[in-house]
Every structure is written in structure tokens, then in C-alpha cells.
Amino acid sequence: MTAPSTAWLGRPGVVCALGQGMDAVHAATLRGETAGMTARTGWLPGRSIVVGAAAGELDELPATLADGKAPPPHYHSRNNRLLMTAANQIADTLRAAIARHGATRVGIVLGTSTSGIGEASLAFRARQQDGAWPPDYDYRRQTLAAPATLLADWLGIAGPAYTLSTACTSGARALLSAKRLLDAGLCDAVICGGVDALCPLTINGFASIEAIAAGLSNPYSAHRDGINIGEAAALFLMQRERPQGAAVRLLGGGGSSDAWHMSAPDPTGQGAILAMRAALRDAGVAAADIGWINLHGTGTTHNDAMESHAVHAVFPQGVPCTTTKPLTGHTLAAAGALEAALCWAVLDPASDGALPPQRWDGEADPALPPLRLTAPGERLPAGRPRIVMSNSFAFGGNNTCLVLAQADDAPPADRAWPVGDWPVAELLPHTGAAVLLDAVLACDEETLRASATVRRHDAYGDDAGELPPWLGLELMAQAVGAWAGCQARRAGEPMQLGFLLGTRRYDCRVPAFTPGMALTITVERSFQDTAGMGVFLCEIHHGAECLAQARLNVYRPPDPGAFIHEPSPVDLA
């Protein structure tokens, strides 16, 4: 694992169904408040649905922009008013950063999916009825760039400023993109977050795929029946240097795209698993370091099933989890940023670590792996670093995961496993001369490094004592087996038998392995599903020289005896 780069998040500006301002929103979250989720008519024909409209009066656009001129008409939209309501809460912080770093060193990265399409929908309707566009219609109102360009024009920012749209991961992706701007040295500070407004297009779109709940959403319940749509804006100032005042660290994040279906997630959760594991690696933490997960938890049949399997695969030991969408609605492109703000409040140094309670009927779906959903009064575990994770999953299989930590907390510096005390023969099903590895040098949740000295071997060698190139595959397979043995040993579980199914692109750069060669074998897990299939990236080195590389496909069946004696469950056609 690598040491995380530093990205500091100051107090966010927030508006959603729970209220306006971080203090009000956090207090309502801890109460499990659902008063902002109200049934309303007019969104769908002949039907009342629960939506999460933003609380209170929204701020108007500023009277003048940085150039002294009034905002042009196309900037006027509910989406931009939501954005300004959040931005005004932290306006002093934003202006101080611009004064400190300069307008060219401050960037803007936002996520949105609606932009001004709500107002544009009214124009479309008018054109359909009257055959002409209304006089005030301006296409620029609905462009995705509108939120970022409004902020840039208001604050006079000359650094990178753009909006991205990856559906329900947009807000989380904006934070990761902002961190990359810092890591690349392109900016010293980045205004980042997400914003989406209630509008007919998105609500009718979700209704068309029968994803809207009949009442309040009921995530992870056996009776869940869909989502509630909400609206929100959440805005952070992210900086490389630790700011004055309250701040939280964005340790890292990960993303993936499983491309399973246009709207449904991969039911096995593979994309989500990849994103969570990538986030852990990027943050330099282990699964055991996470004290709480803010789940995506939409309340749909497919999402909750997928996420349950994914979380169980990455956190088999269990971890406290909550989805806050019954309190806010699913705020789509704003959701990842809004829920990062809720994580921020949990990690705020002034907080006692209280966790939002899960709002649901308490009747878990027996078909799903159980999750440790939070009850009222739960807190982050005491006596350990406060580190949390936030999941966001979107249409098209777009997955994003963030890892955040309290300002002065970090994962344990020494996380080495005591592999020196574990004889390699006890980690493998092999015995005697069949064991080719000398020792395991290092291991963690994702990787293993082992040593091996090439020896004459009656089963493998030729008359000259040299061993053929394919011996490298056996060394790699044993290293993967030792990795699995280390995982079982650390968890206090018995070793389980696994099988090498095949390899992809075995590239061996020597004609033979010569006795006496001292080799180092490294393996890294790149994929593993809940059915026991896995893929490992493997390399063999002699000193600094890489002698062989391959991807090994492996399978750990639930019943090895049945797998050996019965037809394979794996379709090799």
C-alpha cells in the first residue's frame, strides 16, 4: 500500500431536504429526520410521489459577477440557485483562497446531470404547443457547463473550471478529479462538489423503468420497492495545505466501470468491489481500518442486492453501514458530494463520532448477505483512527468510492503481517518436494511477495538440470496459493483448496530456469467475485530483471471434492 497524498476538505456548504448549512443538516441526519420527504402531485400523471425538495428559500443569483455585470439570463435556473445557496455559505473561505493562491491557481470541478433542463423542459412543452420557442429560451441554460462557468464568473476564477456528468457518481467523481488537479500541481485549491435539481425529466425517466417507490424508500428491506428523488447542492474547498479551522482529509478514492447494462448494476457487484478495493489501495488503508460506510443504498431491488454482495465481499468481518437516502432522497449527481459532506460531519473534530441511524422497516431481505445497518445512538469505534468510506454507483456501471479520515487520524503505520512466522509449507496444500517456494516475504489483503531458489527437480527438469519456462506458471500458482493461505491464517480460518483454471498472456523471457537462480515472485489480486473466481497479476524477478509475467485465473469452489469429481461449474465454451 502506498502513502496517501494530502487533500484537505474544509467545512462544506450544503442544502438539501434536511435543511441548509452543515450544522442543521448534520443534526437532522442524526435524528433520522424525514420531514423533508413529502408526497407531492404534479410530477407524474395521476400519481402522488415522495420527493426530497430543498428546505427553505433558495438564494437568488448574485446581482453582479466579477466583471461588474449582471448574470446573463441563461444563468438563471433552479439548479444554479441551489448551487449559490451552498456557495454563499462558504463564500468567505472561497474568496480567501483566491486571494491567497491567485485566480489562476484555483480550479472548479462540479458534477451535475440536470443543470437547467427543468426550465428547458417548459420551453420544450411551449414549442410543442405553439410551434415556436419562447422568447426567453436559451440553450446555454441547460448545458452541463453552466454551474461551473457561473461560479468562475462570479468569483473571477481563471484556473481549470468544468462540470462532469457520470449520473449518480458525478459529485463523488468531482472530488476525485479535484484531487487529481492538486496531485498534478495544476491547482493549489479546487472548489468541488455536486448539484442537481428536481425536474420532470429525471423523475419521469426513473418512473419509466419502474424505479420510483410507492412511499418513502425502504433500503435493504425485504419490502423495498424503489427510490425517492431529491435535490441538493454540496460544495467543498479542497486544498493541498491544511486550512485553518475544521477540516477533514480525503485520503483517496477509486472508480470502475462494469458496463453491465444501461441502468442495472452487475448483480455480482464486481464493479463495486473493484471500486472499493481501488479506493482502499489509493488511500493506503485496509478494509479493517474503515469504521463506517455511507452506502449508496437507493432502495431498488437490484442496487441493494448488488451492494450487499459487494460490501460483504470486501468487508467479510462486517462494518457499520448506513444509507441516508430515505432522509434526503436520491439527489443523483449531487449525491456523492452530499454524502461526502455527511461523512465530513461525522469526522468533524467537534463531533463525537455519532453515526446516522438507518431509516427502514427493520425487515432484512433474507436473500441478501446481512449488513450491519446502524441503530440510533451508534458511534464510530473508539480507540482507533476515524476513517470512513462513501459509495456511489450509477447507470452504465459507473462506480466511485471515497475514503475520508478525521484531520489528525491516519491508518496504522505498521501493518506488516507476521509472515516470517508462517512456514510456507503450512500455507499451501502441496507437500515435500512439490513445494517450490522458499518463503513468503510480505503479504497484505491484495498482494504477496515470495522467494524461490531454482533447484533440480525430477518432475520438472531436463537431462541438463534446467527447468522449462512453464515452471514459472507453477511458481506463480503457488504464490497465489500462499496468498490465499495467508488470508486464511490471518483470519483464523482453515486453508481452502483452490484451482488454477488458466492463464492469459504468459510472457517468459528466458528459455529455461537454471538451478541456483534466486527468484522473487509477486502476485496482486486484480479481481475476485463472490462465487470464488479470481484474477491475479503475477511477475517473476531475478534481481532487478523481470523474467516472466502472466495473469492467472483461479477458482476456489465451495466444495472442492465435488468440483474435482463432478463436471466443472465453469463454462469453458
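# The space between two domains, and a few residues around it

Let me start with the lining of the largest pocket, which, sorted by class, has 19 nonpolar, eight polar and nine charged residues. Please keep in mind throughout that what we are looking at is a predicted model.

The pocket itself encloses about 1000 Å³ of space, and its lining is made up of 36 residues, of which A313, P316, Q487, R525 and R556 lie nearest the centre. If you want to find this lining on the structure, look for helix 8 (270-283), helix 9 (301-314), helix 12 (471-491) and strand 20 (518-528), which are the elements that give two or more residues to it. Which of these elements gives the most to the lining of the largest pocket? That is helix 12, with six residues.

To place the pocket in the whole chain, we need the domains, and the chain is divided into domain 1, which covers 10-59 and 76-406, and domain 2, which covers 424-565. The C-alpha centres of these two domains lie 42 Å apart, and where the domains meet, 10 residues of domain 1 are in contact with nine residues of domain 2. Why do we say that the largest pocket lies between the domains? We say so because both domain 1 and domain 2 give residues to its lining.

A similar argument holds for an enclosed space. When the whole structure is searched, one cavity of 30 Å³ or more is found, and the volume of this largest cavity is about 60 Å³. Its lining consists of I273, L274, R277, R281, E446, R525, S526, F527 and Q528, with at least two residues supplied by helix 8 and at least two by strand 20. By class, the lining of the cavity has three nonpolar, two polar and four charged residues. Here too, domain 1 and domain 2 both contribute to the lining, and therefore the largest cavity lies between them. You may have noticed R525 in this lining, and R525 is also one of the residues that lie nearest the centre of the largest pocket.

Let us stay with helix 8 for a moment, and turn to M276, which lies in this helix. Is M276 buried or exposed? Its relative accessibility is 0%, and so M276 counts as buried. Leaving out residues up to four places away in sequence, M276 touches A310, V311, V314, F315, M389, N391 and C401. To give you a sense of distance, the C-alpha atom of M276 is separated by 32 Å from that of I117, a residue 159 places away along the chain.

Now to another part of the chain, starting with helix 5, residues 146-155, which is mostly covered, with eight of its 10 residues buried. The buried ones are A146, P147, A148, L150, L151, A152, W154 and L155. What do the buried residues of helix 5 pack against? They pack against helix 2 (78-89) and helix 3 (91-101), and also against strand 6 (106-111), strand 7, strand 8 (189-196) and strand 10 (232-239). Helix 5 is followed by G156, a residue with a positive phi, near 70°.

Strand 7, residues 161-164, is where we find T163. With a relative accessibility of 16%, T163 counts as buried, because the cut-off for that class is under 20%. The side chain of T163 reaches the backbone oxygen of L144 at 3.0 Å. Not counting residues up to four places away in sequence, T163 touches L110, G111, T112, L144, A145, P147 and A148, and of these, P147 and A148 are among the buried residues of helix 5.

I would like to finish with two residues that have a positive phi and are not glycines. For S115, phi is about 45°, and S115 sits in the loop between strand 6 and helix 4 (117-130). For E210, phi is near 55°, and E210 sits in the loop between helix 7 (200-208) and strand 9 (229-230). How does each of them stand with respect to the surface? S115 has a relative accessibility of 4% and so counts as buried, whereas E210, at 73%, counts as exposed.

Conventions. Residues are numbered from 1 along each chain as its sequence is written. This is a predicted model: local features need pLDDT of at least 70, side-chain atom pairs count only at pLDDT 80 or more; totals for chains, interfaces and linings use all residues. Side-chain values use heavy atoms; hydrogens and water are left out. Helices (H or I, at least four residues) and strands (E, at least two) are DSSP runs, numbered from the N terminus. Buried means under 20% relative accessible area, exposed over 50%, partly exposed in between (1.4 Å probe, protein chains only). A polar contact is a pair of N or O atoms within 3.5 Å; within protein, one must be able to donate a hydrogen and the other to accept it, and residues adjacent in sequence count only if both atoms are side-chain atoms. Contact means heavy atoms within 4.5 Å. On a 1 Å grid over the protein atoms alone, a cavity is a set of points where a 1.4 Å probe fits but cannot get out, and a pocket is an open set with protein on both sides within 12 Å along at least five of seven lines; lining residues have an atom within 4 Å of a point. Grid points are joined across faces, edges and corners, and a volume is the space filled by probe spheres set on the points. Ala, Val, Leu, Ile, Met, Phe, Trp, Tyr, Cys and Pro count as nonpolar, Asp, Glu, Lys and Arg as charged, and the others, Gly among them, as polar. Domain bounds come from an automatic or database domain assignment.
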